[in-house]
Amino acid sequence: MPKFLFFISLLVFSLSQKISGQHHIQLKATVNWTNKSIYVEQKIDFINTSTDTLKTILLNDWNHSYSGNNTPLANRFSDEFYRGFHLASKEEYGATKNLIIESTNQNISWKRVDQHPDLIEIKLDKPILPQEKISFELSYVAKIPSDRFTGIGYSAKKMVLKDWFLVPARYENHQFVRYSNANLEDIANSISDYTLDLKVPSLFAVTSDLNSIQNSNDNASDHYVLTGKKRNTMSLYLEHKNSFMNYKNDFVEIQTNMKDYQINPIHKAVIIDKIAHFTREKLGQLPQEKITISQADYDHNPFYGLNQLPSFLSPFSNEFIFELQFLKTYLNNYLKTSLRLDPRKDNWIYDGIQIFAMIQYIELYHPDSKMLGSIGKIKLLKSYHLVHLDFNEQYSYFYTLMARKNLDQSLNDPKNSLIKFNEQIANKYKAGLSFRYLDAVLEQQKVPQSILEFLAINQQQQTCSDDFKTILVQKAQRPLNWFFDTIIDSRKLVDYKFEKVQKTNDSISFSVKSKTKITVPVPVYGIKNNAVVFSKWLEVAKNPDSTYTIPRKGAEKIILNYKNEVPEFNLRNNWKKLEGFFPNNRPLKLAFLKDLEDPYYNQILYTPVIGFNVYDGFSPGIRLHNKTILNKPFTFDLSPMYSIKAKTFSGSGFFTVNQLYRESRLYNVRYSLGASYFHYAPDATYLRLNPMVQMQIRSTDFRDNRKQIIVLRQVMVERQKSEIVNDNSLLNYAVFNARYLNSKTEITNHLSFSTDLQLSKTFGKTAIEAQYRQLFRNSRQLNLRLYAGKFLYNTSTSSDFFSFALDRPTDYLFDYNYYGRSENNGFFSRQFIMAEGGFKSKLSTPYANQWLTSCNASFNIWNWVEIYGDLGWLKNRGMTPLFVYDSGIRLNLLPDYFELFFPIYSSNGWEISQENYHQKIRFVVTLDPGKLVTLFTRKWF
């Protein structure tokens, strides 16, 4: 009976395919749970729906992207500092094995595309003409990958299956779209009709967004026949225990297993139904009868914000968190099912519609919700700007965060070219804000109407972004070049300010200047007692030099972009007071720890701090700065402290001017002046002044992890004379320092090269340093470092203060965070900082006043246990070159932050057998939390 129904379904689909002109994919799949694989017999009826004569056909085989460490997917993981895939066992990988492709129509040959092993190119013996059909028979074993890499694949009790079988690639612009898997869930498949004959082991629950025709079972397995029409992909879930619940109304069936935070089942059903009705109203009818919303879908693309905090910390109710998460995932899957766009090239349309709909949903159902939820009700936090922001305002701040870092990217950049923060957050939010902006400019619901019309067209044919642009222009009934050229297709920034403001009791006259020379519509508001008394859209693009005159209506101030409709770079220059002597005087506002930028105040943030070194002891103080969450062109950071042990004041601080270059590889220049005042000995202090220029250079490919930095600075030091520390070196000196760093870091390897030049009255020296790190498949890691330094001239002969150091630099530039920089014995003298020679053992000749060359190596033998070895050659004036070496065990508990070194054998002999061995053990300890944060943020930026 199942076989009879299966053949009947094939006949029905075959007839419908002749009418609709869709490809037809027939799959007969048998799941082997033990081997985590699926045996597939497949037939593809390929119809040439283009106007071209095809000589080749391209198939997407994304399951094969999990086959090894040389695929584009593996490179993507390494690029984003995810090491789990690289170190996985072979059993955890996925692949398409034993592939056979044949055709009854003609002789064919096939191969995997060079550098794209998850794409298969079929070469036809006879080209196929437009509207002609060719059939392929395929057989293969789809080895399913572990789900710990992307959330797709197998785990202990389930399989989440997506893109596990071969599908014809999308064809447009006279060629097949060649996209490899980059963990973006943006496969570009052709539209096809599916028939799936699925056999799974007994007691497995099967959930799919395909329609079920027939279910049956025998003693060992269950049998399902599933179908779907006009689809570009499908979802399939196999579970030991069914986790999905079904919700059905009069127009759609929803299957979901999303975490519901134990909310009332009735409330959950109401929320789901409300979201379904809202989505149908805004986006139209779903082309399929059924949609699946899974926790795996949400986990792959969550909503980033405070709703992700643990429940005991969350400022939002469980109902709101579930509603927000379900809404985002429902919209995402709805659009994937409904849109027939290129999901990588035209991703901004997916993102724009999704976030625009979310903004509308919050405005409709939660208009009073705040970005920080219930936290805003705490009286102690009332002064924070952050707690007063509406929920929807967070979208603007996340985009502006990247723009202020000069890391934002164009909305129409391909999805795989975006850095992770932009792909997951900033570009999504900017796209939604751009749709809201255009909707505000055009008014009369023209953008929502355009979205509905565009989605309706997608049910009939394959589309592209030009189709959507055409509909928007037709609805607007005017050119929208300013929108597409500036907001969508470029990184150009919008930044307006007032000029020539004149006022009377009855009217206001002003002109508007674009600081970036970008002219787009912008609204102006009149405000009185924090209420809007008038608003007007200014068509600045048409009249960039015009003077506008508006009735005053009692306004006390005028503000451009008051409600932040325009995705603008800087809001601090958008307002003018119409009363008082100073037109823009901002009151001073103090905030504890951190806050968002408030354009109407001069903010100073304060934080208790505590410093430590051996001579000052613990030094409590207060940090005063203006560094809000968004970068600023000018920042200051002052940390006055009181040294408890020395009973004196100490501290540090700096002033910085940050200059961004938008269209240049030299993208950031930072001018700064820093100063610090602490003890360097028990009875002596130092004062360091450090004017500096730092230039950062990047690749035109924002995802390239290569960094280039040029630093030019003058370090001026004044030291008190110490009667305790025997030091014959200069007390006051100045050193010009030029540095260049070129590095590229990924999880599997790291390579860096740097140069250093120092010039002063008494010496000149130069040095180079190269580092290499390689992570191997067996979790072993090799670290190599080469350092070479030479004096150009050196008249400082009475001291080794400026000499190259083999194991512990004197740090005359005061760059390193020594806890006891003048200690020659005791615990703090054993602090290790990887610099210059990089030796861990203390040898009898620790300095070189002519030249020094060293090579440092380490290799882990088990987890964080490493062996290390150092080789060095050093030359002092009047002496022959000296060869030195050391070796030992390194406990690399947290690289660069907490490490221990146990010397074993060196030029001193067997150190492990010598007296006072504990005094030879070296350590690395970093107490700066800011450095630890970079371990977690590097994958995002």
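Which residues lie nearest the centre of the second largest cavity? Here are a few notes on that and on some neighbouring topics; please keep in mind that this is a predicted model.

1. To take the opening question straight away: Tyr66, Ile152, Lys162, Asp163 and Asn181 lie nearest the centre of the second largest cavity. Its lining counts 17 residues, and the volume comes to about 150 Å³. Strand β9 (residues 158-162) gives the largest share of that lining, with 3 residues. Sorted by class, the lining holds 8 nonpolar, 6 polar and 3 charged residues.

2. Now for the largest cavity, with a volume of about 680 Å³. The residues closest to its centre are Glu185, Asn232, Thr233, Lys336 and Thr337, out of 43 that line it. By class, you will find 16 charged, 15 polar and 12 nonpolar residues in this lining. In total, the count of cavities of 30 Å³ or more is 6.

3. Which elements build the wall of the largest cavity, each with at least two residues? They are β16 (221-231), β20, α4 (295-300), α5, α6 (347-365) and α8 (420-442). Helix α5 supplies the largest share, 6 residues.

4. Helix α5 (residues 318-338) is worth following a little further, as it also lies across strands β19 and β20. Its direction is at about 130° to β20.

5. Those two strands belong to an open sheet of 3 strands, ordered β18-β19-β20, with mixed pairing. At the edges sit β18 (245-248) and β20 (290-293), each of which pairs on one side only. From one strand to the next, the twist averages 20°.

6. A closer look at one pairing in this sheet: β18 and strand β19 (residues 253-256) run antiparallel and are joined by 4 bridges. If you would like a residue pair to look for on screen, Tyr247 stands opposite Ile254 in β19.

7. Finally, a different part of the chain. Why is helix α2 (residues 72-79) described as largely enclosed by the rest of the structure? Because 6 of its 8 residues are buried, the cut-off for that term being under 20% relative accessible area. The buried residues of α2 are Leu73, Ala74, Arg76, Phe77, Ser78 and Asp79. Two of these names, Arg76 and Asp79, belong to the charged class. After the helix comes Phe81, with a positive phi near 60°.

Terms used. Residues are numbered from 1 along each chain as its sequence is written. This is a predicted model: local features need pLDDT of at least 70, side-chain atom pairs count only at pLDDT 80 or more; totals for chains, interfaces and linings use all residues. Side-chain values use heavy atoms; hydrogens and water are left out. Buried means under 20% relative accessible area, exposed over 50%, partly exposed in between (1.4 Å probe, protein chains only). Two strands pair if DSSP finds at least two bridges between them. Axes are lines fitted to C-alpha atoms, for helices over the stretch in contact, and angles run from 0 to 180 degrees between N-to-C directions. Contact means heavy atoms within 4.5 Å. On a 1 Å grid over the protein atoms alone, a cavity is a set of points where a 1.4 Å probe fits but cannot get out, and a pocket is an open set with protein on both sides within 12 Å along at least five of seven lines; lining residues have an atom within 4 Å of a point. Grid points are joined across faces, edges and corners, and a volume is the space filled by probe spheres set on the points.
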